[in-house]
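Reader: I would like to learn how to read a structure with more than one chain, taking one feature at a time. Could you take me through this one?

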Amino acid sequence: MTPVLILSGILFAIGVFGVLTRRNAITMLVSVEIMMNAANLNMVAFSRLYHPELMTGQVLAIFGIGIAASEAAVGLALILTIYRRYGSTDVDRADLLKG
Amino acid sequence: MTASDVLFVVFGVIAAGCALYGVLTRFLLRSIVALGAFLTAVAGEFYLLAADFVAMVQIFVYVGGIVVLMLFALMLSTSGERQPLAGSDRRGFSSLLAYALGGMLVWASIGAKLPAVPGGLPSSVPYLGRALLGEQLFAFEFLGVILLAAVVAALSLVRSERL
């Protein structure tokens, strides 16, 4: 069990690093997907460890994959809108609401 | 050390390496392709944890759907030019934060002293089918509503003004 948790912790940290350092919206979305997969890995592992016959963790992982799919669809639509308006997918350029 | 332990380490190294490369590379296309390899390796981990259906869903939805969607967004938005990284001050702070978070998570997982994952690979599909259409039916149907809302939202966002 511990190796799975260590792996998912490392993957989550890599995702956090990507979200914080990259300025391109598509790469930020890639990092968010890495973080979501780290969480899904934990859910499946705990489902295997406790009550494997109830499948609650695996159902939650499938739910998470569906949420990630809808998040990617809306996020990529937003990225295309930003690109049309600013001519780039650099998130620092989209500062219309900045005070 | 059994075969599944070796496979676990192999898939884990591939997943971590591809995630790191996808986050660090300056080419957007390579980042997305590395994400595809990372997702496939994580699907292998799912299979080793007796979640064969989740592994298949991961490959169908993520590698076949989301990665292709990202490639289309890349095709429609930018060319394959180099993408600048953030400034060095922000990068140092971010790597410090990521190191701290990763170290904390690894330390907590070692300290938790959880029992080992039981071996053996029974197929989870019959149990999962009963759970999805029985006890967890609300989550299953709700997921469909969320996906519909997301598709309508995406369509209304990218709709061109001329229509």
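**Reading the two chains**

Author: Let us begin with a single residue: B:Lys113 is found in the loop between α4 (88-112) and α5 of chain B, where helices (H or I, at least four residues) and strands (E, at least two) are DSSP runs, numbered from the N terminus. This is a predicted model, in which local features need pLDDT of at least 70 and side-chain atom pairs count only at pLDDT 80 or more, while totals for chains, interfaces and linings use all residues. Residues are numbered from 1 along each chain as its sequence is written, and chains are lettered from A and ligands numbered from 1 in the order in which they are written.

Reader: Is B:Lys113 buried or exposed?

Author: A residue is buried if 20 or more other C-beta atoms, placed from the backbone, lie within 10 Å of its own, exposed if 12 or fewer, and partly exposed in between. B:Lys113 counts as exposed because it has 8 C-beta neighbours inside 10 Å. In chain A, buried residues make up 56% of the 99 residues.

Reader: What pattern does chain A follow along the sequence, and how spread out is it?

Author: Chain A has three helices and zero strands, and the pattern read along the sequence is α-α-α. The radius of gyration is taken over C-alpha atoms, and the globule rule is 2.2 Å times the number of residues to the power 0.38. For chain A the radius is 17 Å, well over the 13 Å that the rule gives for 99 residues, so the chain is more spread out than a compact globule. Its C-alpha trace spans about 50 × 25 × 20 Å along its principal axes.

Reader: How many residues of chain A are in contact with chain B?

Author: Two residues are in contact if their C-beta atoms, placed from the backbone, lie within 7 Å. By that criterion, 60 residues of chain A are in contact with 70 residues of chain B. On the side of chain A that touches chain B, α3(A) gives the most, with 21 residues.

Reader: Which residues touch the most other members of the largest nonpolar core?

Author: A nonpolar core is a set of buried Ala, Val, Leu, Ile, Met, Phe, Trp, Tyr and Cys residues joined through C-beta atoms within 7 Å. The largest one has 70 residues, and those touching the most other members include A:Leu11, A:Ile26 and B:Phe38. To this core α2(A) gives the most, with 13 residues. Leaving aside residues up to four places away in sequence, A:Leu11 touches residues of both chains, among them A:Ile34, A:Ala38, B:Ala15 and B:Ala19.
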